[in-house]
Structures are given as structure tokens and as C-alpha cells.
Amino acid sequence: MKIIQTLGFATVLMMAAKASIAEEIVNARFETTQCTTPCTDASAKRLQWWLMREDDQVEIRHLHQNGQPAHNSSLWMKKPAGQFNYSYLMHEDGRAIDYSDVDLKLLAIKTDAQIWQVKSQLIADEELAKLKKVPADKQQQYGQDVEKYVGELGNGVRTEVLWMPALKLPFTVQYHYPEHTVTIQMQALQTGVLAATDAAKPPKATLATLSNYQHVDYADLGDMEHNPSEMQWLARAHGAPGLQEHNH
């Protein structure tokens with residue numbers, strides 16, 4: 001079983017990525033709210049998280065879920081040839097599970113241009129093109145021009161988007177399902193030319209941080225099934241792809 005304790009798989013890829021110009025660096029904090037219709041505070045489930053994007057790398061870091069601290073990230077990396085690598089980061093445990101492009105394909109996780117757009121901008125260009133552009137009540141947010149789109153996606157899901165075209169990110173997205181509503185709302189923004197709008201600093205996983213994490217390849221997880229100490233931390237990796245088959 002291979003456990004990398006120094007730079008690790010994900011870190012090496014980060015070092016290999018080409019440097020981004022300032023305008024390409026975008027850090028945005030969001031809150032996702034899901035509630036039954038009609039929505040009330042009592043029925044709402046909430047998740048606060050950061051999207052931290054630069055060049056060919058996107059990190060989604062969860063902060064709080066329903067008021068409880070969350071300590072995990074999804075780190076997506078796009079290689080020059082178009083393949084993907086992914087790491088599930090467990091910050092409280094100082095652990096990382098690294099997935100190769102082959103691992104993702106074996107898990108039936110799509111790795112194409114549209115999926116990359118969903119990861120890096122939350123809404124793919126193809127989805128936005130299916131909506132109708134209408135006048136927006138407020139034409140700027142955080143100093144950025146905002147466009148409004150409405151229509152239906154998927155199986156008749158009513159959708160409203162306030163879109164920042166220069167950043168290719170939404171300010172707000174609302175999905176209206178028959179029995180519940182999902183809202184994604186930007187709460188803070190930091191770009192290469194705009195300081196953070198609040199005192200919170202984006203908790204980006206740095207090279208220094210990841211170099212101190214223990215890294216394990218997803219393909220090696222089967223070797224841990226008879227090691228109680230390893231299974232303890234794996235049991236906490238609730239959001240890691242493919243872990244259901246290992247957590248018996």
C-alpha cells in the first residue's frame with residue numbers, strides 16, 4: 001500500500017500547473033439553501049462553501065453544513081491533455097484521497113469539457129444558452145455587470161440565474177422543483193483585482209498545507225479494509241467518491 005507523506009500526487013500536479021494571471025484567480029463564497037415549498041427557515045438546509053478557481057484548478061471547500069463545521073474539500077485539476085485528476089481533502093484529519101483520470105472513469109464520473117464548466121463556473125455554457133435573457137432589476141453586484149436568465153432546465157425545473165459574464169460565475173441561482181427550491185447565493189467575492197469583500201480569507205489548500213497531508217491513491221484503499229486505524233478516518237470521508245464499497 002502506497003501512502004505519500006511528502007508532496008503527494010495532488011501537490012505535484014498543482015506545482016506543474018502553469019501560473020495564472022491575476023484576473024483568472026477567483027474566490028467566491030456561496031451558501032446553498034434547500035427548503036420545501038413554501039420555504040420557511042425551519043425547513044431550510046444550509047451549506048456554506050468556497051469556490052476557489054485558478055487556471056486549470058478548482059477547489060470547493062465546505063465550511064458549515066446546517067450550522068455544524070465542515071472540514072473537507074474537493075480539488076479538481078485539469079491536465080494539458082484534457083484528463084482530470086481529483087483529490088478529496090480531509091483537513092481535520094490531514095488526509096487526502098487522490099483519484100486518477102482512470103479512477104474517475106471506473107467510477108462513472110464524467111470528465112469532459114461540460115463537466116469542467118459545471119465545476120469551475122457552476123453552470124455550463126450549454127445550460128445558460130437554454131435560458132432566456134431578461135432585464136435584471138440590479139445590473140451590478142460587487143462591481144461586476146450582472147445579467148438575468150430565466151427558463152427551464154432538465155425535466156421542467158424552473159430556473160432563475162443572475163450571471164456575472166466577466167467572471168463566468170453566478171451571483172444567484174434558483175432551481176424551483178415541484179416540492180422544493182434550491183438557491184445558490186454568492187456571499188463574498190475576491191478576484192485578482194478585487195480584495196475580499198469581508199474579513200474572511202479564502203481557506204485555499206496551499207502547497208505547504210498539502211505537503212503535510214498523508215496522501216493515499218484511491219486504487220490502494222482496498223488494502224486498508226483490514227486495518228482498524230485506517231478504517232476510522234475512512235469512515236469520516238463521507239463525500240469521497242466510491243467510498244461506499246469500502247465502508248462496510
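## Reading salt bridges and pockets

Tutor: Welcome! Let's open with a pocket: helix H3 gives the largest share of the lining of the second largest pocket, 4 residues. Keep in mind that this is a predicted model.

Student: What general idea helps me picture a pocket?

Tutor: Rolling a probe the size of a water molecule over the atoms shows where empty space is left. Here, the second largest pocket has a volume of about 230 Å³.

Student: How many residues line the second largest pocket, and which lie nearest its centre?

Tutor: Its lining has 13 residues, and those nearest the centre are Arg53, Asp55, Trp116, Ser120 and Gln121. Strand E3 and helix H3 each supply at least two residues of that lining. Sorted by class, the lining has 6 charged, 4 nonpolar and 3 polar residues.

Student: What is the volume of the largest pocket?

Tutor: The largest pocket measures about 670 Å³ in volume. Its lining is made of 25 residues, with His62, Asn72, Ser74, Tyr88 and Gly239 nearest the centre. Two or more lining residues come from each of E3, E4 (57–65), E5 (68–69), E6 (72–78), E7 (84–90) and helix H3 (113–121).

Student: Which element gives the largest share of the lining of the largest pocket, and how do the residues divide by class?

Tutor: Strand E6 gives the largest share, 4 residues. By class, the lining of the largest pocket has 11 polar, 10 nonpolar and 4 charged residues.

Student: Let's turn to charges. Why can side chains of opposite charge pair?

Tutor: Side chains of opposite charge can pair when their charged atoms come close. In this structure there are 8 salt bridges.

Student: Which residue forms a salt bridge with glutamate 54?

Tutor: The partner of glutamate 54 is lysine 204, and their closest N and O atoms are 3.1 Å apart. Glutamate 54 belongs to strand E3 (residues 45–54), while lysine 204 sits in the loop between strand E15 (180–191) and helix H5 (207–211), so the pair ties together parts that are 150 residues apart in sequence.

Student: How do I read the accessibility of glutamate 54 and lysine 204?

Tutor: Residues between the cut-offs of 20% and 50% relative accessible area are partly exposed. Glutamate 54, at 23%, is therefore partly exposed, and lysine 204, at 25%, is partly exposed too.

Student: Are arginine 95 and glutamate 230 buried or exposed?

Tutor: Both arginine 95 and glutamate 230 are buried. These two residues form a salt bridge, with the closest N and O atoms 3.4 Å apart. Arginine 95 is in strand E8 (residues 95–99) and glutamate 230 in helix H6 (residues 228–234), so the bridge links distant parts of the chain, 135 residues apart.

Student: What about lysine 168: which residue is its salt-bridge partner?

Tutor: Lysine 168 pairs with aspartate 125, with 3.1 Å between the closest N and O atoms. Lysine 168 lies in the loop between strand E13 (157–164) and strand E14 (169–176), and aspartate 125 in helix H4 (residues 125–129), 43 residues apart. Lysine 168 is partly exposed at 35% relative accessible area, and aspartate 125 is partly exposed at 33%.

Student: One last residue, please: where is serine 211 found?

Tutor: Serine 211 is in helix H5. A polar atom of its side chain lies 2.8 Å from the backbone oxygen of alanine 208. The C-alpha atoms of serine 211 and glycine 94 are separated by 9.9 Å, with their positions 117 residues apart along the chain.

Note on methods
Residues numbered from 1 in each chain as written. Predicted model: local features only at pLDDT ≥ 70, side-chain atom pairs only at ≥ 80, totals over all residues. Heavy atoms only, no water. Salt bridge = Lys/Arg side-chain N within 4 Å of Asp/Glu carboxyl O. Buried < 20%, exposed > 50% of the residue type's maximum accessible area, 1.4 Å probe, protein only. Polar contact = N/O pair within 3.5 Å; in protein donor to acceptor, adjacent residues only side chain to side chain. 1 Å grid on protein atoms, 1.4 Å probe; cavity = no way out; pocket = protein on both sides within 12 Å on 5 of 7 lines; lining within 4 Å. Points joined across faces, edges and corners; volume = space filled by probe spheres on them. Nonpolar A, V, L, I, M, F, W, Y, C, P; charged D, E, K, R; others polar.
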